[in-house]
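This report describes the architecture and selected local contacts of one protein chain. Sheets are treated before the helices that cross them, and individual residues follow.

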Amino acid sequence: MKLGRAAMVAYTEYVRDPRVRRYAECLTRNGYEVDCFVLKEAKNNQVDVLNGVKIFHLKTSQYRGNSNLAYIYSYFTFFIQALSALTKQIHNNYSVIHVHNMPDFLVFTTFINKLFGSKVILDIHDNMPELYKTKFDSKVGVLLYHILLTQERLSCFYADRVVTVHVPHFEYNVKNHNLSPNKTFIIPNFADTNLFHPLTETNSVKNGAFNVIYHGTIAERFGLNLVLKGIKKVHEDFPFLRLHIYGKGDGVVNLETDIQAMDLENIVVYHGQIDLDLIPGKIAKSDLGLVTYIQSDATDLMLPLKLMEYMAVGIPALTVINKPIKYYFKTDELAYYESNNLESFTRELQNLIKSPPELIRLQKKTEIVNQRLNWKNEQKNYINEIQKLTGIQKPW
């Protein structure tokens, strides 16, 4: 039974973005025909189909650099292309269009479709005002914060519904961004259990190595320079320690430079970006997942998806605590270190390597976490919200 057509718009590479794929494939499994309008990818045709989702790769490639002007230009170029593509598909009569930030103003690409009856959801995954404020000095940062806050508010006002990624995010935006609680719903950023689940891989400890994994965005705000320093120090006492890094971002050049400058080429392996479907296997072969960042107004609102993916696959995680992690996790379910504190990171990593029983205890805790925090439950809430918004009902 087909319930109608839905569309998604996201400035992202679809096949490598677990969040957008999670929503799109959830819709297809529940009776919707789904079109996704996303960035161009080197290995893909202009139009592809993956797991029932029709993917339109627009002409813009993802910008990964340090120029904020180039980011803005890339955002606006994608905006024009997405607006044109959605308008050309007006005959599909999308019942709902789900637009993912960043940027927030992508929601206005749906303007023509909304005039013809499409309902529009804005997904605020990251807070642009806080994120960009940290990139500039105080005066420029404050000005930019208010500009981005204004465009966020206009975008939320325009959208029929707004989705936020966890309870602290919702509460913060209601209080500080004047987000309307009546038009907002919460779908936590949990791992897609159709892809991330316990695997029967051989644990690397048995082969004499202790493998730590980091995957996802590589950027200055994630504090990987401190991690490299800590890995180098801990390696002196534990020569079997290895760090494997997967992903890309505007911090790749600095990462590779730091690895070489610290003489870590044989200890830290940067694998680049790999297919999303390969990530669960890499996690399962690791002994510890690393979730690191430098605390700021922006990172204090993150519920890192990589953390949820480590939990879903069933490996322990070492992380920095913030508001959402404190909200969703009990203190004994994760290992913690202090943000931007080399001594704290080094100490906690050493303790975990020296204590296999503690790693086993944390690994068993992932089973409890996954019963409580899982996408299987949240996707039902998402579909219910879609049905209420469109008026098209499907009994469970």
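Which residue in E11 is the bridge partner of Tyr 246? In this predicted model, the partner is Gly 272. The two strands concerned, E10 (residues 241-246) and E11, run parallel and are joined by 4 bridges.

## The parallel sheet

E10 and E11 belong to an open sheet of 6 strands, whose order is E11-E10-E9-E12-E13-E14 and whose pairing is parallel. Its edge strands are E11 (268-272) and E14 (335-336), each of which pairs on one side only. Helix H12 (residues 342-354) lies across five strands, namely E9 (210-215), E10, E12 (288-291), E13 (317-319) and E14. Relative to E13, helix H12 runs at about 165°.

## The mixed sheet

A further open sheet contains 8 strands in the order E3-E4-E2-E1-E5-E6-E7-E8, and its pairing is mixed. Strands E3 (47-50) and E8 (184-186) stand at its edges; each has a single partner strand, so one side of each lacks a neighbour in the sheet. On average, and with direction ignored, neighbouring strands of this sheet are turned by 25° against each other.

Three of the strand pairings can be described through their bridges and one example of a bridged residue pair. The pairings are set out below.

| Strand pair | Sense | Bridges | One bridged residue pair |
|---|---|---|---|
| E2 (residues 32-38) and E4 (residues 53-57) | parallel | 5 bridges | Phe 37 and Phe 56 |
| E5 and E6 | parallel | 5 bridges | Val 99 and Leu 122 |
| E6 and E7 (residues 161-164) | parallel | 4 bridges | Asp 123 and Val 163 |

Strand E6 (residues 119-124) is mostly covered, since 5 of its 6 residues are buried. E6 takes part in two of the tabulated pairings, with E5 and with E7.

Two helices that cross this sheet may be described together. H2 lies across E1 (4-10), E2 and E5, and runs at about 170° to E1. Helix H14 (residues 375-390) lies across E1, E2, E5, E6, E7 and E8, with an angle of about 130° to E5.

## Aromatic pairs and charges over rings

The whole structure contains 13 aromatic pairs. One of them is formed by Phe 76 and Phe 105, whose ring centres are 4.9 Å apart. Why does this pair count as stacked? The planes of the two rings meet at 20°, and planes under 30 degrees apart count as stacked. The pair links distant parts of the chain, 29 residues apart: Phe 76 is in helix H2, whereas Phe 105 is in the loop between E5 and helix H3 (111-115). The two residues can also be described by accessibility. Phe 76 is partly exposed, with a relative accessible area of 45%, whereas Phe 105 counts as buried at 17% relative accessibility.

Ring pairs also join Tyr 11, Tyr 71, Tyr 75 and Phe 78 into a cluster.

Charged groups are placed over aromatic rings as well. Arg 22 lies over the face of Trp 375, at 4.9 Å from the ring centre. The charged end of Lys 114 is positioned over the ring of Tyr 158, at 4.2 Å from its centre.

## Two buried loop residues

Pro 103 is located in the loop between E5 and H3. Is Pro 103 buried or exposed? Its relative accessibility is 0%, so Pro 103 counts as buried. Leaving aside neighbours within four places in sequence, Pro 103 is in contact with Tyr 75 and Met 128; Tyr 75 is also one of the residues in the aromatic cluster. The C-alpha atoms of Pro 103 and Phe 79 are separated by 9.3 Å, although the residues are 24 residues apart along the chain.

Asn 92 occupies the loop between helix H2 (68-88) and strand E5 (96-100). Its relative accessible area is 14%, so Asn 92 is buried, the limit for that class being under 20%. The side chain of Asn 92 makes a polar contact of 2.7 Å with the side chain of Gln 89. With neighbours within four places in sequence left aside, Asn 92 is in contact with Arg 5 and Asp 35.

Definitions and conventions: Residues numbered from 1 in each chain as written. Predicted model: local features only at pLDDT ≥ 70, side-chain atom pairs only at ≥ 80, totals over all residues. Heavy atoms only, no water. Buried < 20%, exposed > 50% of the residue type's maximum accessible area, 1.4 Å probe, protein only. Polar contact = N/O pair within 3.5 Å; in protein donor to acceptor, adjacent residues only side chain to side chain. Contact = heavy atoms within 4.5 Å. Phe/Tyr/Trp six-rings, centres within 6.5 Å; stacked < 30°, edge-to-face > 60°. Lys NZ or Arg CZ within 6 Å of the ring centre and 35° of its normal. Pairing = 2+ DSSP bridges. Axes fitted to C-alpha atoms, helices over the stretch in contact; angles between N-to-C directions.
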